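Subject: Model handover

Hello,

Here is the model I said I would pass on. My notes on it follow below.

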Amino acid sequence: MERKKTTGTVVIHIVLILGAIIMLVPFLWMILTSFKTVSEATQVDPFMIFPSKWRTDAFTSVVSKMQFIRLYLNTLLMILGRVVCAVLTATMAGYALGRLNFRGKNLCFSLVLFQMMVPAQIFIIPQYLMVSKMGMLNTTFALIFPGIVTAFGTFLLRQSFMSLPKDLEEAARLDGCNIGQTFLYIMAPLTRSGMVALGIFTALFAFKDLMWPLVSNPEQSSMPLSSALAKLQGQFSANYPELMAASLLACIPMIIIYIIFQKQFIEGIATSGGKL
């Protein structure tokens, strides 16, 4: 019995290690390609894995062509604005849908689920018209606008609030707390892991968002990293070393964010499942 258990554990670890290696291959290939020449990067030779000479020309060229400081700033402001708005609105909406009883509650939650099932591209035209009417195109507000509210975040925080015992609210009510005080001082602090998980998810979704920034912020000075990388690729050809070098530089902020908040991220995912 012990031998079978040990064999099963070894097999599981081998499968997980192989899966991790497979997932790391594209990232490693991006790093290696950024140090190659264009001819080396476009060769069909399967054995041409490492560059013949480690060059930094692609990084130098990309930094001189692209205003990375401005791109980093635009991306950081977009991520920060979306995270703050998403966590604030989703926490309040999640508490209302998860803990309060009011008329139309199930209808409101059904609308939230419906929004999660509809492709986000459907909302691009209405959102563009709204931002255009406000005269806010090519601004930081335009980048933040689609993330002011989030159906996914509302659902995630609702599950977090539903996992808390009802005794907490009853004790707060006996102590004289109203709904706002119960939410602010008792319930919200207990869902901190869910908020952090939502913040990381929102930051990741904002960082990967490509279509909306291309539509709302086409000017070079106001676009984030994702749009700048998309415009770096030519129509008929692409300088793959430069493209990979720019992609590597663009990944640095998200890698740092994940390294700092990985513990909270895992806790948020583990504790926000709750019950439906």
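How do the residues lining the second largest pocket divide into nonpolar, polar and charged? There are 6 nonpolar, 4 polar and 7 charged residues in that lining. Please keep in mind throughout that this is a predicted model.

Overall build

The protein chain holds 14 helices and 0 strands. Read from the N terminus, the order of elements is α-α-α-α-α-α-α-α-α-α-α-α-α-α. The radius of gyration of the protein chain is 23 Å, whereas a compact globule of 276 residues would come out near 19 Å. Along the principal axes, the C-alpha trace spans about 75 × 70 × 30 Å. Of the 276 residues, 37% count as buried.

One separation gives a sense of scale. Arg70 belongs to helix 4, and its C-alpha atom is 48 Å from that of Val11, although the two residues are 59 apart along the chain. Arg70 is partly exposed, with a relative accessible area of 38%.

Pockets

The largest pocket encloses about 980 Å³ of space. It is lined by 28 residues, and Gln115, Ala120, Gln127, Pro146 and Val149 are the closest to its centre. Two or more lining residues come from each of helix 4 (68-99), helix 5 (105-117), helix 6 (124-133), helix 8 (151-162), helix 11 (192-208) and helix 12 (211-216). Helix 11 contributes the most, at 5 residues. By class, the lining of the largest pocket has 20 nonpolar, 6 polar and 2 charged residues.

Now the pocket I opened with. The second largest pocket has a volume of about 400 Å³. Its lining counts 17 residues, and those nearest the centre are Arg99, Leu100, Lys166, Glu169 and Arg173. The elements that supply two or more residues to this lining are helix 4, helix 9 (167-174) and helix 10 (179-190). Helix 4 is thus named for the largest pocket and again for the second largest.

If you set up probes or docking boxes, the two linings are worth keeping apart in your notes: the largest pocket has 2 charged residues in its lining, while the second largest has 7.

Aromatic contacts

A search of the whole structure finds 11 aromatic pairs. I describe two of them here.

In the pair of Phe35 and Phe59, the ring centres are 5.2 Å apart and the planes meet at 50°, so the pair is tilted. Phe35 sits in the loop between helix 1 (2-34) and helix 2 (38-41), and Phe59 in helix 3 (residues 57-65), so the contact ties together parts 24 residues apart in sequence. Are these two rings buried or exposed? Phe35 has 18% relative accessibility and therefore counts as buried, the cut-off being under 20%. Phe59 is buried as well, at 16%. Together with Trp54, Phe35 and Phe59 form one aromatic cluster.

In the pair of Phe109 and Phe155, the ring centres are 6.2 Å apart and the planes are at 15°, so this pair is stacked. Phe109 lies in helix 5 and Phe155 in helix 8, so the pair links parts that are 46 residues apart in sequence. Phe109 is buried, with a relative accessible area of 14%, whereas Phe155 is partly exposed at 22%.

Charges over rings

Which charged residue lies over the face of Phe109? Arg158 does, at 3.8 Å from the ring centre. Phe109 therefore has a ring partner in Phe155 as part of a stacked pair and a charge over its face from Arg158. A second case involves Trp29: Lys36 lies over the face of that ring, at 4.7 Å from the ring centre.

A backbone point

Most residues other than glycine have a negative phi. Asn138 has a positive phi of about 60°, although it is not a glycine. Asn138 is found in the loop between helix 6 and helix 7 (140-144). With a relative accessible area of 23%, Asn138 is partly exposed.

Regards

Technical notes:
Residues are numbered from 1 along each chain as its sequence is written. This is a predicted model: local features need pLDDT of at least 70, side-chain atom pairs count only at pLDDT 80 or more; totals for chains, interfaces and linings use all residues. Side-chain values use heavy atoms; hydrogens and water are left out. On a 1 Å grid over the protein atoms alone, a cavity is a set of points where a 1.4 Å probe fits but cannot get out, and a pocket is an open set with protein on both sides within 12 Å along at least five of seven lines; lining residues have an atom within 4 Å of a point. Grid points are joined across faces, edges and corners, and a volume is the space filled by probe spheres set on the points. Helices (H or I, at least four residues) and strands (E, at least two) are DSSP runs, numbered from the N terminus. Ala, Val, Leu, Ile, Met, Phe, Trp, Tyr, Cys and Pro count as nonpolar, Asp, Glu, Lys and Arg as charged, and the others, Gly among them, as polar. Rings of Phe, Tyr and Trp (its six-membered ring) pair if their centres lie within 6.5 Å; planes under 30 degrees apart count as stacked, over 60 as edge-to-face and the rest as tilted. Buried means under 20% relative accessible area, exposed over 50%, partly exposed in between (1.4 Å probe, protein chains only). A charge sits over a ring if NZ of Lys or CZ of Arg is within 6 Å of the ring centre and within 35 degrees of the ring normal. The radius of gyration is taken over C-alpha atoms; the globule rule is 2.2 Å times the number of residues to the power 0.38.
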